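Biologist: Please take a close look at the salt bridges of this model. I should like to know which residues pair and how each partner is placed with respect to the surface.

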Amino acid sequence: MDRPQRRYFTVQEARQLVPRLRGLLTALQAEKRELDRELAELRRLAPLAFLNGHGARFQTHEMRVAELARAIREKVRQIHDLGVEVKDLEMGLVDFPSLRDGREVYLCWKVDEPTVAFWHELDAGFRGRQPLEDEDR
């Protein structure tokens with residue numbers, strides 16, 4: 001099976017996706033928080049799951065976990081289908097593959113930032129972020 005060709009974003013293209021991504025990432029973060037709460041409740045109920053009538057509550061939480069996991073996978077797939085890489089769901093961090101001076105880099109954006117204003121080398125990660133130069137802004 002052929003891999004799809006990697007999409008490279010300009011700064012402007014990445015910035016145009018920010019409103020759409022902000023909505024998806026905000027929803028993803030809320031679903032992830034709810035998933036964490038549901039999983040904690042499942043862990044609490046697990047020892048009691050089939051004693052004293054707790055089985056139905058356990059199953060209700062299991063079903064909700066499955067629903068949330070599906071919703072999260074779907075939103076992550078939507079982001080990946082755009083060509084954007086989700087790096088850290090809790091931070092709301094995504095990378096846009098880009099070309100800079102003829103080499104591959106990432107444009108980097110966090111959901112609480114107003115726009116795409118940073119880039120980093122492929123192996124540098126979030127800590128290696130550098131501000132875009134004035135001509136990129």
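Modeller: Helices are taken here as DSSP runs of H or I with at least four residues, and strands as runs of E with at least two, both numbered from the N terminus. On that basis the protein chain of this predicted model has two helices and five strands. Read from the N terminus, their order is α-α-β-β-β-β-β. The chain comprises 137 residues, of which 38% count as buried. About 8,600 Å² of the protein chain is exposed, and carbon and sulfur atoms supply 52% of that area. Among contacts with a separation of 6 or more, 46% are between residues 24 or more positions apart.

Against this background, the structure holds 16 salt bridges. Three of them are described below, followed by a network.

One of the salt bridges lies within a helix. R77 pairs with D81, and the closest N and O atoms are 2.2 Å apart. Both residues belong to helix α2 (residues 55-81), where they stand four residues apart and are therefore separated by about one helical turn. R77 has a relative accessible area of 39% and is partly exposed. D81, at 53%, is exposed; the cut-off for that class is over 50%.

Another salt bridge joins E133 and R100, with 2.1 Å between the closest N and O atoms. Here the partners come from distant parts of the chain, 33 residues apart: R100 sits in strand β2 (residues 93-100), whereas E133 falls in the segment after β5 (130-131). Their surroundings can be stated as well. R100 has a relative accessibility of 11% and counts as buried, because the buried class covers values under 20%. E133, at 35% relative accessibility, is partly exposed. This salt bridge thus links a buried arginine to a partly exposed glutamate.

A further salt bridge is formed by the side chains of R103 and D101, at an N to O distance of 3.8 Å. That value falls inside the cut-off, since a salt bridge requires the nitrogen and the carboxyl oxygen to be within 4 Å. R103 is partly exposed, its relative accessible area being 31%, while D101 is exposed at 72%.

Beyond these pairs, R6, E85, K87 and E104 are joined into one network by salt bridges that share partners.

Notes: Residues numbered from 1 in each chain as written. Predicted model: local features only at pLDDT ≥ 70, side-chain atom pairs only at ≥ 80, totals over all residues. Heavy atoms only, no water. Buried < 20%, exposed > 50% of the residue type's maximum accessible area, 1.4 Å probe, protein only. Contact = heavy atoms within 4.5 Å. Areas by Shrake-Rupley, 256 points an atom, 1.4 Å probe, with all protein chains shown as cover.
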